[in-house]
Amino acid sequence: MSANQGPTGPESGADAGGELPPDSPQRRMHYAGYQGESADKSDQDSMSSVFKRTKHPVDTSGRPKDPADPRAGGPDVPSGGHDGPEVLGTPPHPTDSSSAPETSVVRSGGTATATVQGEGGGGGGGITPRAPHSAEYDRRASRRAERLIAFWFTISIVGTVGFIVTNFVGDKHEQYYTPAMGTALGLAIGGLGVGMILWAKRLMPHEHAVQERHEFTSSQEEIALTEEEVALGFADSGLAKYPLLRRSLLAAGTILGGLVVVPLLNLTNSKPGKKLDHTHWVKGARLVNLQGRYVKIGDIAIGGIETVLPAIPVKEADGSISYEPKLDVHTKADSTTILIRLEPGVNKPRPGREDWAVDGHVAYSKICTHAGCPVSLYEQQTHHLLCPCHQSVFNVPDGCRAIFGPASRSLPQLAIAVDDEGYFIARNGDYTEPVGAAFWERS
């Protein structure tokens with residue numbers, strides 16, 4: 001190596017104001033070939049491929065290793081360069097290193113709490129420490145932070161309990177069910193997350209740690225230092241200092257474990273069974289349109305069509321009967337019906353259904369028997385109903401028989417009648433066959 005570039009050169013010591021330790025980063029920066037600086041043949045070999053490094057073994061500071069060292073893996077590098085035949089030695093083990101890493105941990109206020117292979121802990125290696133948070137010196141601030149964090153952990157507990165209660169008590173067919181489940185789950189996870197973030201920001205010490213790349217095997221001193229740092233970190237977390245924080249975190253974590261049990265318990269829910277074979281139509285229910293108005297005979301012209309839903313009869317305290325229209329989304333999903341008025345003499349009722357129509361008015365399910373799409377396109381001249389999804393066609397006068405397309409089953413017919421006030425009602429109650437896609441019949 002050249003005199004002004006080697007690890008023992010005068011410039012490295014002069015710049016630092018004296019002789020520097022061979023493993024110091026200041027001396028390593030003056031190593032030949034560092035950051036594009038010129039280097040001789042031996043230096044270039046020791047900094048290039050692994051094969052050349054085995055010929056000229058050096059440690060992490062760039063200094064040739066002792067030939068007596070079994071980890072050297074090759075001959076020493078003389079000061080004048082490499083002489084004699086080149087011999088390919090055994091590559092050093094990846095855990096071999098003769099230099100210890102430099103570690104600096106700077107806490108709030110600029111105090112270096114740990115330094116390994118450094119020049120002391122006062123400066124922290126040029127690291128600018130963060131200012132301490134108020135909880136470190138203000139008892140009231142720490143109590144406020146503790147209560148705030150405990151509040152968010154309590155929110156997590158409420159969300160978890162709400163999720164479990166809604167899952168087992170809530171009505172899965174109501175509109176509130178899915179939003180309530182999502183809100184409760186968000187509170188359960190979000191409350192715990194916000195509490196953990198505030199805990200780290202307001203109660204744990206602010207520190208800035210810098211550590212150089214170190215060897216893979218740790219020395220006993222480093223292991224002892226790590227254990228000390230772990231113990232110090234546990235003390236800094238405040239679990240022992242803040243009992244309310246510890247208890248609320250324990251409660252939130254325990255209750256949050258219920259989220260794992262809920263999906264497993266859902267496997268025990270009963271299957272729908274025959275519930276899918278029935279709709280919301282009951283005997284005596286009036287036919288009401290989408291605007292909530294009862295449909296009366298004479299409201300629909302010949303060739304006209306009206307989408308209707310059931311209005312359930314309710315007996316009042318005085319004995320009178322009132323009707324409650326069912327216009328919610330769940331009723332629309334299975335009970336939507338089409339009321340069509342045909343020309344006199346056009347309808348051809350099937351055997352046993354002669355009294356299911358009134359003055360040319362017939363009622364059929366609006367849900368296609370192929371895939372459940374709404375059948376809503378009526379052609380007056382041909383008396384055909386068309387499903388817009390897959391172009392299934394039904395012949396209305398012939399019991400809404402499927403005559404074209406993928407649908408293979410007729411639309412279910414609803415028996416209707418007229419009450420004393422002239423309003424259409426469900427004559428026999430619900431449909432006599434399953435409504436919707438044909439696969440329900442085969443399930």
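**Exercise 1. Classify Asp359 in this predicted model: is Asp359 buried or exposed, and what is notable about its backbone?**

Solution. Begin with accessibility: Asp359 has a relative accessibility of 52%, and since exposed means over 50%, Asp359 counts as exposed. Next, place the residue in the chain, where Asp359 lies in the loop between S7 and strand S8 (361–365). Finally, inspect the backbone torsion, which shows that Asp359 has a positive phi of about 50° although it is not a glycine.

**Exercise 2. Two residues of the loop between S9 and S10 are Gln381 and His383; state for each whether it is buried or exposed.**

Solution. Take Gln381, which lies in the loop between strand S9 (377–379) and strand S10 (384–386); its relative accessible area is 65%, and Gln381 is therefore exposed. Then take His383, which is placed in the loop between S9 and S10; His383 has 13% relative accessibility, and because buried means under 20%, His383 counts as buried. The torsion of His383 also deserves a check, as this residue has a positive phi of about 60° while not being a glycine. As a last step, look along the chain from Gln381 to Gly303: these residues are 78 residues apart in sequence, and their C-alpha atoms are separated by 8.5 Å.

**Exercise 3. Describe the open sheet that contains S9, giving its strand order and its edge strands.**

Solution. The order of this open sheet of 4 strands is S9-S10-S11-S12, and the pairing is antiparallel. The edges are S9 and strand S12 (401–404), each of which pairs on one side only. From one strand to the next, the twist averages 35°. For the detail of one pair, consider S9 and S10, which are joined in the antiparallel sense by 3 bridges, with Leu377 standing opposite Leu386 in S10.

**Exercise 4. Work out which strands pair with S5, among them S4, S7 and S6, and how many bridges join each to S5.**

Solution. Start with strand S4 (residues 286–289), which runs antiparallel to strand S5 (residues 305–315) and is joined to S5 by 4 bridges; within this pairing, Leu287 has Pro310 of S5 as its bridge partner. Continue with strand S7 (residues 337–341), which pairs with S5 over 4 bridges, again in the antiparallel sense, and where Thr307 stands opposite Ile338 in S7. Then turn to strand S6 (residues 321–325), which runs antiparallel to S5 and is joined to S5 by 5 bridges; here Ala311 stands opposite Pro325 in S6. The connection of S5 and S6 is a hairpin with 5 residues between the strands, and in this hairpin Gly319 takes a positive phi near 95°.

**Exercise 5. Compare the span of helix H7 with the expected value, and say what follows just after H7.**

Solution. Helix H7 (residues 220–237) has 18 residues, and the distance from its first C-alpha to its last is 26 Å, which is close to the 26 Å expected at 1.5 Å a residue. Just after H7 comes Gly238, which takes a positive phi of about 90°.

**Exercise 6. Characterise the packing of H9 against H8 and against H5: what are the angles, and which residues meet?**

Solution. First consider helix H8 (residues 243–256) and helix H9 (residues 258–266), whose axes are 5 Å apart and pack at an angle of about 15°. That angle makes H8 roughly parallel to H9, because angles under 35 degrees count as roughly parallel. In the contact, Thr254, Ile255 and Leu256 of H8 meet Gly258, Leu259 and Val260 of H9, and these residues divide into 4 nonpolar, 2 polar and no charged.

Then consider helix H5 (residues 139–169), whose axis comes within 10 Å of that of H9, the two crossing at roughly 10°. H5 and H9 are therefore roughly parallel to each other. On the side of H5 the contact is made by Thr160, Phe163, Ile164, Asn167 and Phe168, which meet Gly258, Leu259, Val262, Leu265 and Asn266 in H9. The residues of this contact divide into 6 nonpolar, 4 polar and no charged.

**Exercise 7. Summarise the protein as a whole: how many helices and strands are there, and what share of residues counts as buried?**

Solution. The secondary structure comes to 11 helices and 14 strands, and of the 443 residues 36% count as buried. For contacts with a separation of 6 or more, 60% are accounted for by residues 24 or more positions apart.

Terms used
Residues numbered from 1 in each chain as written. Predicted model: local features only at pLDDT ≥ 70, side-chain atom pairs only at ≥ 80, totals over all residues. Heavy atoms only, no water. Pairing = 2+ DSSP bridges. Expected span 1.5 Å × (residues − 1). Axes fitted to C-alpha atoms, helices over the stretch in contact; angles between N-to-C directions. Parallel < 35°, antiparallel > 145°, perpendicular 65-115°, else oblique. Contact = heavy atoms within 4.5 Å. Nonpolar A, V, L, I, M, F, W, Y, C, P; charged D, E, K, R; others polar. Buried < 20%, exposed > 50% of the residue type's maximum accessible area, 1.4 Å probe, protein only.
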